[in-house]
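Reader: Please take a close look at the charged side chains here, then at a few other places along the chain. Short sentences are fine, and I want the cut-offs with each term.

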Amino acid sequence: MTINEKQDEIIEEFDLFDDQLDKTQYIIDLGKKLPPMPEAQKTDENRIMGCQSKVWVDAELKDDRLYFYGDSEPTAQISKGLVSLLIRVLSGEKPEDIARADLYFIPRVGMGNLITSLRAGGLASMIERMKAFGRAYTEKTV
């Protein structure tokens, strides 16, 4: 699936919920399904600054595709769900596609109504970090 196809799938999933609380619970449930990140990767270098809780994102290049790993501290279930959504959309894609991705699913699912402004800032920092990985690996593969 392309980045846009994955985003469209997420939009359809969120459309199944009428209530904002149900959408928030869905984000939490997605976070619970995210495999834990190895402790060795939970470094200051991989920590997302700008999040109100501790969140980590790392990536590796395999076969010209970028794969992401992420986690949050145990009490930050919504943050972990947000990381999970971003990983679902961006992981396994070409670095240049990640760097250029328009993540339109975020406003389309009404994320601004589901998370606080502090979490929105953290989400923006997560996106920037993942796109930075895309840019960095694009430069390495060119």
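Author: The answer starts with confidence, moves to the salt bridges and the charged patch, and ends with backbone angles and distances.

This is a predicted model, in which local features need pLDDT of at least 70, side-chain atom pairs count only at pLDDT 80 or more, and totals for chains, interfaces and linings use all residues. Residues are numbered from 1 along each chain as its sequence is written, and side-chain values use heavy atoms, with hydrogens and water left out.

Confidence comes as pLDDT, the predictor's confidence in each residue, on a scale from 0 to 100. The chain has a mean pLDDT of 92. Of its residues, 98% reach 70 or more. Helix α1 has the highest confidence in the chain, with a mean of 97. The lowest is in helix α6 (residues 111-114), with a mean of 86. Helices (H or I, at least four residues) and strands (E, at least two) are DSSP runs, numbered from the N terminus.

Now the salt bridges. The term means a side-chain nitrogen of Lys or Arg within 4 Å of a carboxyl oxygen of Asp or Glu. The whole structure holds nine of them. One joins Lys-6 to Glu-93, at 2.7 Å from N to O. This pair ties together distant parts of the chain, 87 residues apart. Lys-6 belongs to helix α1, while Glu-93 sits in the loop between α3 (77-90) and α4 (95-100).

How covered are these two? Buried means under 20% relative accessible area, exposed means over 50%, and partly exposed falls in between (1.4 Å probe, protein chains only). Lys-6 has a relative accessible area of 11%, so Lys-6 is buried. Glu-93 is at 7% and therefore counts as buried.

Another bridge joins Asp-71 and Lys-80, at 3.2 Å from N to O. Both of these residues are buried. Arg-135 and Glu-128 also meet in a salt bridge, at 2.4 Å from N to O. Arg-135 is partly exposed because its relative accessibility is 34%. Glu-128 is partly exposed because its relative accessible area is 41%. Shared partners also link some bridges: Glu-39, Lys-42, Asp-71 and Lys-80 form one network.

Next, charges without a bridge. Glu-5, Asp-8, Glu-12 and Asp-15 form a negative surface patch. Patches are made of residues with over 30% relative accessible area and no salt bridge, with like charges joined within 9 Å and nonpolar side chains (Val, Leu, Ile, Met, Phe, Trp, Tyr) within 5 Å. Lys and Arg count as positive, Asp and Glu as negative, and His and the chain ends are not counted. Asp-8, one of the patch residues, lies in helix α1 (residues 3-15). Its relative accessible area is 34%, so Asp-8 is partly exposed.

Two more acidic residues stand out by backbone angle. Most residues other than glycine have a negative phi. Asp-63 has a positive phi, near 50°. Asp-64 has a positive phi too, near 65°. Asp-63 lies in the loop between β1 (55-62) and β2 (65-72), and Asp-64 lies in the loop between β1 and β2. Asp-63 counts as exposed because its relative accessibility is 75%. Asp-64 counts as exposed because its relative accessibility is 53%.

Last, some C-alpha distances. Leu-118 lies in helix α7 (residues 117-141). With a relative accessible area of 55%, Leu-118 is exposed. The C-alpha atoms of Leu-118 and Cys-51 are separated by 7.1 Å, and the two residues are 67 residues apart along the chain. Ala-76, in the loop between β2 and α3, is buried at a relative accessible area of 4%. Ala-76 and Pro-38 are 38 residues apart in sequence and 17 Å apart in space, C-alpha to C-alpha. Gln-77 is in helix α3 and counts as partly exposed at 37%. From Gln-77 to Ile-98 it is 21 residues in sequence and 25 Å in space, C-alpha to C-alpha. Thr-2, in the segment before α1, is partly exposed at a relative accessible area of 39%. Thr-2 and Thr-75 are 73 residues apart in sequence and 32 Å apart in space, C-alpha to C-alpha.

Note on methods. Accessible areas come from the Shrake-Rupley method with a 1.4 Å probe; for residues, only the protein chains shown count as cover. The place of a charge is taken as NZ of Lys, CZ of Arg, CG of Asp or CD of Glu.
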